[in-house]
Amino acid sequence: MIPYGKQDLNQSDIDAVVDVLKSNWLTQGPQVPAFEQSICDYTGARHAIAVNSATSALHIACLALDIGPGDRVWTSPITFVASANCALYCGAEVDFVDVDEATGNMCPAALASKLALAKQAGTLPRVVIPVHLCGHSCDMQAIAELAKEYGFRVIEDASHGIGGSYQGHKLGSCEFSDITVFSFHPVKIITSAEGGMATTNCASLAQKMAMFRSHGIIRDAGEMLRPDEGDWYYEQHQLGFNYRMTDMQAALGLSQMSRLDEFVAQRNTLAQQYDELLAELPVTQVAPLPDSFSARHLQVVRLHNASDRKSAFNAMRERGVHVHVHYFPVYLQPYYLNLGFTEGYCENAERFYQSILTLPLYPNLTNDELSHIAESLAECL
Ligand SMILES: *Cc1c(COP(=O)(O)O)cnc(C)c1O
């Protein structure tokens with residue numbers, strides 16, 4: 001079976017984890033700040049906060065932006081449920097902005113018209129969370145301009161995107177946003193087993209996220225609200241969580257960082273080969289924006305005839321190709337239907353969903369496997 005994605009670990013990755021196991025620090029040691037620093041160096045962001053998942057990163061990002069009951073958070077319906085759930089964790093309301101049917105990314109025109117209506121109704125969002133589907137950057141310039149006009153903050157869900165760039169800025173640079181989050185789940189671009197990271201250029205957002213990551217506790221003498229009791233003393237200022245990344249995870253993530261560019265280059269080469277192999281088939285690759293470079297997390301193709309999707313999916317799996325679908329629109333999940341969302345809410349998202357198929361894509365996918373996938377797809381269509 002050829003999976004749709006998988007990790008690539010080498011001996012240095014394994015050694016890095018074993019070294020931590022032999023050290024004094026399984027968690028809260030030197031590997032976590034070292035991994036954070038490497039993310040800052042790579043993306044150009046001033047601060048990076050490592051956590052145990054991108055889901056946690058999204059949660060503390062919303063909390064740091066003071067999202068709570070009565071607030072509205074908007075995201076894309078074509079994403080993993082975590083992009084929307086983070087708002088609900090904070091007691092806020094979540095809503096969905098329709099996507100561009102060609103890319104599956106949040107559509108700036110749909111965002112603009114939804115904002116104009118919300119302004120009239122007095123229901124503007126406090127935070128918008130665009131998602132870089134497949135690692136292809138959203139049109140961040142347009143979204144940032146709307147953020148300025150309507151006064152909302154932006155969290156980029158770049159779970160698919162580390163290693164990519166937009167208008168010459170690395171994803172995670174926060175050039176067009178307040179906070180960016182990455183996921184290091186094994187199917188993503190680099191892995192720390194479970195793990196995530198939030199980047200920002202704002203010192204106070206970084207400080208808040210670090211506090212929420214670890215129980216809402218602070219240890220900096222300058223920040224204490226009560227008299228210092230002694231060296232053992234710390235204070236809890238907020239209701240935080242234990243969202244810390246371990247040193248074993250950070251060591252793995254840090255080791256993987258040294259191969260990030262190589263992984264992304266291989267993924268781009270494979271995507272180009274797919275372009276050539278699938279050129280004659282009734283499918284279109286979901287492509288990145290012209291002024292961007294994609295980390296190529298997922299190889300999503302749109303079938304010209306959406307009614308073929310289910311049979312093609314099943315036939316591909318029968319041929320040993322573990323194709324997938326990214327994603328079922330979040331608001332059609334039973335949990336979200338219970339909140340009042342209905343079918344037809346985002347028409348482009350639903351049409352996009354009906355037509356898509358995710359083909360395998362990961363760094364060590366071989367040429368033979370690639371040919372087998374392309375031949376199988378030709379047969380299945
Ligand atoms: C994987 C993913 C997440 C969640 O990442 P975890 O690290 O598994 O919590 C969030 N958003 C998107 C778009 C994802 O693909």
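# A walk through the two domains and the spaces in them

The largest cavity in this predicted model has a volume of about 60 Å³, so labelled because a cavity is a space where the probe fits but cannot get out. Its lining is made up of S137, M140, E156, Y166, H169, K170, L171, G172, S173, C174, E175 and F176. Sorted by class, that lining has five nonpolar, four polar and three charged residues.

Just beside that lining in sequence is Q167, which sits in the loop between β6 (165-166) and β7 (169-170). Take a look at its backbone: phi of Q167 is near 50°, a positive value in a residue that isn't glycine. Q167 has a relative accessible area of 27%, so it counts as partly exposed.

Now for the overall layout. The protein splits into domain 1 (11-257) and domain 2 (260-380). Going by C-alpha atoms, the centres of domain 1 and domain 2 are 25 Å apart. Where they touch, domain 1 puts in 41 residues and domain 2 puts in 38 residues.

The cavities tie into this layout too. The structure has two cavities of 30 Å³ or more, and the second largest has a volume of about 40 Å³. Where does the second largest cavity lie with respect to domain 1 and domain 2? Both domains give residues to its lining, so it lies between them. Around the second largest cavity you'll find K6, Q7, D8, P186, K188, I189, I190, T191, Q256, F263, R267 and P363. That lining divides into five nonpolar, three polar and four charged residues.

Next, the packing. In soluble globular proteins, nonpolar side chains tend to be buried together. Here the largest nonpolar core has 80 residues, and those with the most contacts inside it are F96, I155, I179, L278 and L359. Helix α3 (residues 54-64) supplies the largest share of this core, seven residues. The core also draws at least three residues from each of domain 1 (11-257) and domain 2 (260-380). To get a feel for it, pick I155: leaving out neighbours within four places in sequence, I155 is in contact with L58, A61, C62, L65, V127, V128, I129, P130, I179 and V181. There's also a second, separate core of 39 residues, and A48, A50, L115 and Y150 are among its members.

On to the pockets. The largest pocket holds about 470 Å³ of space. It is lined by 22 residues, and the closest to its centre are A210, R213, S214, I217 and R219. Elements giving two or more residues to this lining are α2 (31-43), β1 (47-51), α7 (203-213) and β10 (217-218). Of these, α7 provides the largest share, four residues. By class, the lining of the largest pocket comes out as ten nonpolar, six polar and six charged residues.

Between α7 and β10 there is a loop, and H215 is found in it. H215 has a positive phi of about 70°, although it is not a glycine. Is H215 buried or partly exposed? With a relative accessibility of 34%, H215 counts as partly exposed.

The second largest pocket has about 360 Å³ of space. Of the 26 residues that line it, F80, S183, H185, K188 and Y327 are the closest to its centre. Two elements, α3 and α4 (82-89), give two or more residues to the lining of this pocket, and α3 gives the most, with three residues. So α3 turns up again here, after supplying the largest share of the largest core. The lining of the second largest pocket has ten nonpolar, 13 polar and three charged residues, and it draws at least three residues from each of domain 1 (11-257) and domain 2 (260-380).

Y327 deserves a second look. It lies in the loop between α10 (309-318) and α11 (334-337), and a cis peptide bond with omega of about 5° joins H326 and Y327.

Last stop: A193, in the loop between β8 (179-183) and β9 (196-200). At 38% relative accessibility, A193 counts as partly exposed. Setting aside residues up to four places away in sequence, A193 touches F184, H185, P186 and L252. Of those, H185 is among the residues closest to the centre of the second largest pocket, and P186 helps line the second largest cavity. The C-alpha atoms of A193 and Q249 are separated by 6.5 Å, with their places 56 residues apart along the chain.

Terms used
Residues are numbered from 1 along each chain as its sequence is written. Side-chain values use heavy atoms; hydrogens and water are left out. A nonpolar core is a set of buried Ala, Val, Leu, Ile, Met, Phe, Trp, Tyr and Cys residues joined through side-chain atoms within 4.5 Å. Buried means under 20% relative accessible area, exposed over 50%, partly exposed in between (1.4 Å probe, protein chains only). Domain bounds come from an automatic or database domain assignment. Contact means heavy atoms within 4.5 Å. On a 1 Å grid over the protein atoms alone, a cavity is a set of points where a 1.4 Å probe fits but cannot get out, and a pocket is an open set with protein on both sides within 12 Å along at least five of seven lines; lining residues have an atom within 4 Å of a point. Grid points are joined across faces, edges and corners, and a volume is the space filled by probe spheres set on the points. Ala, Val, Leu, Ile, Met, Phe, Trp, Tyr, Cys and Pro count as nonpolar, Asp, Glu, Lys and Arg as charged, and the others, Gly among them, as polar.
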